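Welcome to this short tour. Open your viewer, set the model turning slowly, and follow along stop by stop.

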Amino acid sequence: MNLYEITREALELASLLETEELTPELEAMLVINQEQLQAKAGNYAKVIANIQSDADSIDQEIKRLKAMKESKDRAITRLKEALRQAMLVSAIDKIESPLFKLSLRRSEAVEVDVVEALPSEFVNVKNVVTADKVAIKEAIKRGENVFGARIIENFNLQIK
């Protein structure tokens, strides 16, 4: 019997208990259902632990690959800068080879030393609006009505 069937059977038994007395047959069915659930839950926990282990290994591999990528990106930046400097010092604008065409192109960028010193017409202000969930929770627990918010109770599965 799978977990869904066990759950369905437990709900059916609970429904029967609401309308009928607890008979020895119903009590036996409840015990069997609980034993099946405990066995199934143990197996589920094993599968979850294995999958969690895989996910943790993947996270470690992602970190390793990100570090490797960052190292490669820094090497690319250093090599490009060395090549750019060499071309500038040598006053060479273009280099052509059978595989690549390299060239320097002129561009402009704005560099700002102190944003706070700029006149207001040259400053963008970004406002980020977020809910203060801690304050909302405290207010609701004090009995205040907070429109658009409520406390919900969750049951989170812990596997130790």
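Colour the whole chain by burial: of the protein's 160 residues, 4% count as buried, where buried means under 20% relative accessible area, exposed over 50% and partly exposed in between (1.4 Å probe, protein chains only). This is a predicted model, in which local features need pLDDT of at least 70 and side-chain atom pairs count only at pLDDT 80 or more, while totals for chains, interfaces and linings use all residues. Residues are numbered from 1 along each chain as its sequence is written, and side-chain values use heavy atoms, leaving out hydrogens and water.

Next, switch to the cartoon view. You will find three helices and two strands, in the order α-α-β-β-α from the N terminus. Helices (H or I, at least four residues) and strands (E, at least two) are DSSP runs, numbered from the N terminus. Zoom out: the C-alpha trace spans about 100 × 50 × 25 Å along its principal axes.

Now select residues 24-90, helix 2, and 94-96, strand 1; the loop between them holds Ile-92. Is Ile-92 buried or exposed? With a relative accessible area of 34%, Ile-92 is partly exposed.

For the last stop, select Leu-83, Ile-92, Ile-95, Leu-99, Phe-100 and Leu-102. Together they form a nonpolar surface patch with about 540 Å² of accessible area (Shrake-Rupley method, 1.4 Å probe; for residues, only the protein chains shown count as cover). Finally, show the full surface: the protein exposes about 15200 Å², and carbon and sulfur atoms supply 56% of it.

Methods:
Patch = residues over 30% accessible without salt bridge, like charges linked within 9 Å, V, L, I, M, F, W, Y side chains within 5 Å. Salt bridge = Lys/Arg side-chain N within 4 Å of Asp/Glu carboxyl O.
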